[in-house]
Amino acid sequence: MAGDEASATTVFGANFSAGFVAGILSASATCPLDVARTRRQIENDPERALKMTTRQTLVEIWRDGGFKGFFAGVGPRVARAGPSVGIVVSFYEVVKYCLSHRHMHQQSEDADL
């Protein structure tokens with residue numbers, strides 16, 4: 001995407017944007033399962049907690065809150081996931097770019113000798 005004239009800033013920007021969008025999409029898609037996991041974690045009755053299945057929990061969420069119940073807390077989840085995935089992906093790609101750039105520069109110096 002950045003072409004041959006890529007810089008660390010260009011690599012960072014492109015990858016942060018892609019990671020940000022990917023984080024938002026994945027957090028949105030997995031929100032119903034996060035809601036179910038949270039419900040199971042905060043269950044006060046130890047016997048009931050041991051017998052709960054994900055399917056039972058999802059049915060209970062549907063019964064209590066309908067479709068909207070599956071996306072309780074989606075705002076904070078998305079707000080956290082977008083930037084964090086963007087940072088992780090862009091950091092990895094910038095480090096990879098810098099190391100690759102350094103390696104190629106080192107090889108060209110060795111070839112000149």
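The pLDDT is the predictor's confidence in each residue, on a scale from 0 to 100. In the predicted model considered here, the mean pLDDT of the chain is 89, and 93% of the residues reach a value of 70 or more. Among the elements of the chain, the highest mean pLDDT, 95, is found for helix α3 (residues 54–69), whereas helix α4, which spans residues 74–112, has the lowest, at 87.

The secondary structure of the chain consists of 4 helices and 0 strands, and these elements follow one another along the sequence in the pattern α-α-α-α. In the unreviewed UniProt entry, the feature "repeat: Solcar" is placed at residues 10–98. This span, residues 10–98, is 89% helix and 0% strand in the model, and the C-alpha atoms at its two ends lie 12 Å apart.

With regard to overall dimensions, the C-alpha atoms of the chain fill a box of roughly 75 × 25 × 15 Å when taken along the principal axes. The radius of gyration of the chain is 22 Å, whereas a compact globule of 113 residues would have a value near 13 Å.

As for packing and surface, 23% of the 113 residues of the chain count as buried, a class that comprises residues under 20% relative accessible area. Of the contacts in the chain with a separation of 6 or more, 74% are accounted for by residues that stand 24 or more positions apart. The accessible surface of the chain comes to about 8,200 Å², and carbon and sulfur atoms contribute 63% of this area.

Technical notes: Residues are numbered from 1 along each chain as its sequence is written. This is a predicted model: local features need pLDDT of at least 70, side-chain atom pairs count only at pLDDT 80 or more; totals for chains, interfaces and linings use all residues. Side-chain values use heavy atoms; hydrogens and water are left out. UniProt positions are given in the numbering used here, feature names are shortened, and annotations may be inferred rather than shown by experiment. The radius of gyration is taken over C-alpha atoms; the globule rule is 2.2 Å times the number of residues to the power 0.38. Buried means under 20% relative accessible area, exposed over 50%, partly exposed in between (1.4 Å probe, protein chains only). Contact means heavy atoms within 4.5 Å. Accessible areas come from the Shrake-Rupley method with a 1.4 Å probe; for residues, only the protein chains shown count as cover.
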